[in-house]
Amino acid sequence: MGKLTLFDKIWDSHVVKSIEGGPDVLYIDQQYIHEVTSPQAFNGLRARGIPVFRPGKTLATADHNIPTTDQDKPIRDQLSRNQVAALAENCKAFGIEYFGLNHQKNGIVHVIGPELGYTRPGMTIVCGDSHTSTHGAFGAIAFGIGTSEVEMVLATQCILQPKPKKMRITVNGSLRKGVTAKDVIMYIISQISTSGATGYFVEYAGPVISSLSMEGRMTICNMSIEMGARGGLIAPDEVTFRYFKELPSVPEGFDWNSMILNWKELKSDPDAGFDRELTFNGDLIKPMITFGTNPGMGIAIDDSIPVPEDVAGDDNASFRKALDYMGFVPGMKLIGHPVDYIFLGSCTNGRIEDLRAFARLVRGRKKSPNVTALIVPGSKAVERQAIEEGIDKILSNAGFELRQPGCSSCLAMNDDKIPAGKYAVSTSNRNFEGRQGPGARTLLASPLTAAAAAITGKITDPREFID
Amino acid sequence: MPKEKLNILESRCVPLPLENVDTDQIIPARFLSATSREGFGENLFRDWRYDKTGNLKPDFILNNPAYSGKILVAGKNFGSGSSREHAVWAVYDYGFRAVVSSFFADIFRNNALNNGLLPVIVPEKFLQDLLSMVQKNPETIVRIDVQNQTITVPASGQSHFFEINPYKKECLIKGLDDIDYLLGLKDLIASFESEKNR
Ligand code: SF4
């Protein structure tokens with residue numbers, strides 16, 4: 001038997017050439033692009049006077065910089081309008097498929113890639129957005145790249161990459177009630193810090209991971225980047241195969257059954273050599289929430305904020321700066337702290353399962369009057385399905401409104417900004433200073449925790465609402 | 001496009017003794033709407049540099065006239081967060097040619113090297129010594145030698161051999177670009193495709 005990891009198998013089969021003492025030339029099966037990190041890449045192609053090498057292997061969407069209301073009207077902000085228009089023009093000029101605003105297949109790049117069947121096991125996938133790691137949930141090597149690299153892929157369908165080291169994270173046991181995939185990944189990051197996996201590509205394994213739906217697995221892989229990892233992946237299994245069989249819309253000419261036969265080979269060998277192995281006990285994980293300004297600053301929702309003495313020595317200045325920014329003090333409990341905003345959405349938690357979880361909890365209850373809620377589906381397809389399932393009705397009966405798809409408050413490039421000093425419980429992936437608007441205070445959590453806070457207007461343990 | 005060549009860099013430094021400086025601090029998302037690569041330096045560390053009304057915050061290091069130079073010295077885990085290359089463009093456009101830290105986020109490091117910005121990884125002790133030296137004496141000079149992979153502080157005699165991928169090193173010294181290299185491999189790539197049925 002070999003000793004290869006799943007990562008090795010996919011990587012090695014995509015190496016066009018290894019440069020002596022340098023990076024590998026890695027072939028890319030699928031690239032996704034969006035309006036914010038692509039214009040300079042197209043400018044580069046124009047300056048060199050070269051075409052896109054394989055236009056059929058890139059797919060474009062507008063998501064980062066678009067409004068989430070009145071999408072049928074012209075975008076009001078001029079810079080945003082120009083950027084979206086530039087993408088449409090570039091796609092037309094270079095022959096790339098583009099799902100723009102109002103297109104029925106539009107949505108956040110990491111939501112539509114999987115749901116339209118473009119993301120498949122065994123592939124190499126890149127996008128100029130760090131959360132490209134999401135696609136690893138399907139057993140693909142997927143990672144975020146910079147704009148120069150977007151240009152490389154457009155020009156040659158290849159990228160120069162040193163091969164990362166390999167880590168396996170096994171989550172044993174089973175999850176307690178009220179604990180979601182989001183809590184699992186937030187727990188892992190809180191244990192190993194935002195640089196705990198830098199230089200590695202992570203494979204997730206173990207009973208807790210196997211028990212998750214594809215949506216949950218995408219949430220896990222999505223946040224791999226928040227612990228510094230280049231990406232994360234999960235070996236495809238029956239859950240993965242069923243996902244493809246049930247896809248409503250697939251690219252033409254695909255025969256899933258024969259593909260699935262090949263995909264069954266995609267797993268790490270029994271004695272595969274990982275550079276590092278970590279194991280966690282899923283039974284110990286509780287609903288998580290962040291209290292600081294990076295995703296590693298997370299605690300169980302009923303815990304207290306640590307005191308600086310308990311935090312790794314040299315990190316003290318950053319720790320205090322973070323608490324100051326958040327308006328918290330060491331040792332305090334977060335439960336009961338007032339909340340001003342709720343954001344349900346993003347490529348971390350903007351899929352149908354997340355809307356369902358939120359709706360289940362708020363059903364028959366009312367939104368707290370002091371809370372402003374932004375409920376943003378990850379794609380047009382998610383929006384349609386939410387309406388089909390009556391989730392929009394449940395939401396409106398409880399005082400919430402379903403917006404139109406986009407990245408929205410995840411990075412607040414559009415109008416969906418959290419005002420300075422306000423507290424937002426957010427299902428997105430980053431709580432950096434100013435991420436959701438200058439001065440905004442972000443508390444990352446699961447859709448259930450967001451729903452509980454939306455109802456009570458305070459940070460609340462979602463387990464109180466679940467029987 | 002050919003980049004500015006970088007081999008020997010001798011300069012004063014700007015100290016930023018904070019850890020986990022993420023890309024949202026380096027260049028906030030609301031400045032990402034541009035469609036060119038130029039001009040991002042103006043908004044480098046925007047929310048630390050300017051107050052809400054657009055006035056310079058005097059206590060932020062970039063606004064302290066005592067400090068200047070082409071080398072940014074920053075705390076551990078610099079550049080974490082998003083893949084936005086705009087962060088590197090902003091650091092470069094502001095005038096920095098190297099960033100010294102004990103740890104860099106992967107994507108930032110790749111992006112930096114693709115844009116002629118040199119990330120220099122030094123041990124934590126070296127970093128802390130350098131930070132306190134520069135904070136005490138803004139005129140401290142640091143010499144970075146790409147060919148020999150050394151970073152030296154002549155005043156203290158401290159020197160460190162830093163790692164850099166040999167391919168990337170050559171690109172930096174010669175001002176070469178990955179895309180030129182890849183374009184030269186097009187035939188190889190096409191035969192890879194037909195062989196592997198991709
Ligand atoms: S939702 Fe956030 S993390 Fe996801 S693609 Fe959009 S900006 Fe990036």
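How many salt bridges are counted between domain 1 of chain A and domain 2 of chain A?

**Solution.** The model is predicted: local features need pLDDT of at least 70, side-chain atom pairs need 80 or more, and totals for chains, interfaces and linings use all residues. Residues are numbered from 1 along each chain as its sequence is written, chains are lettered from A, and side-chain values use heavy atoms, without hydrogens and water.

- Take the bounds: domain 1 is 6-276 and domain 2 is 288-465, from an automatic or database domain assignment.
- Apply the criterion: a side-chain nitrogen of Lys or Arg within 4 Å of a carboxyl oxygen of Asp or Glu.
- The count between the two domains is 2.

**Exercise 2.** Describe the interface between domain 1 and domain 2 of chain A.

**Solution.**
- The C-alpha centres of the two domains lie 24 Å apart.
- Contact (heavy atoms within 4.5 Å) joins 44 residues of domain 1 to 43 of domain 2.
- About 3500 Å² is buried, 57% of it from carbon and sulfur atoms; this is accessible area (1.4 Å probe) lost on putting the two parts together, summed over both.
- In domain 1, Thr68(A), Ile108(A) and Met186(A) lose the most area to domain 2, together 18% of what that side buries.

**Exercise 3.** Place the ligand relative to the domains of chain A.

**Solution.**
- List the surrounding residues (a heavy atom within 4 Å): among them are His64(A), Asp129(A), Cys347(A) and Arg435(A).
- Both domains give residues to this shell, so the ligand lies between domain 1 and domain 2.
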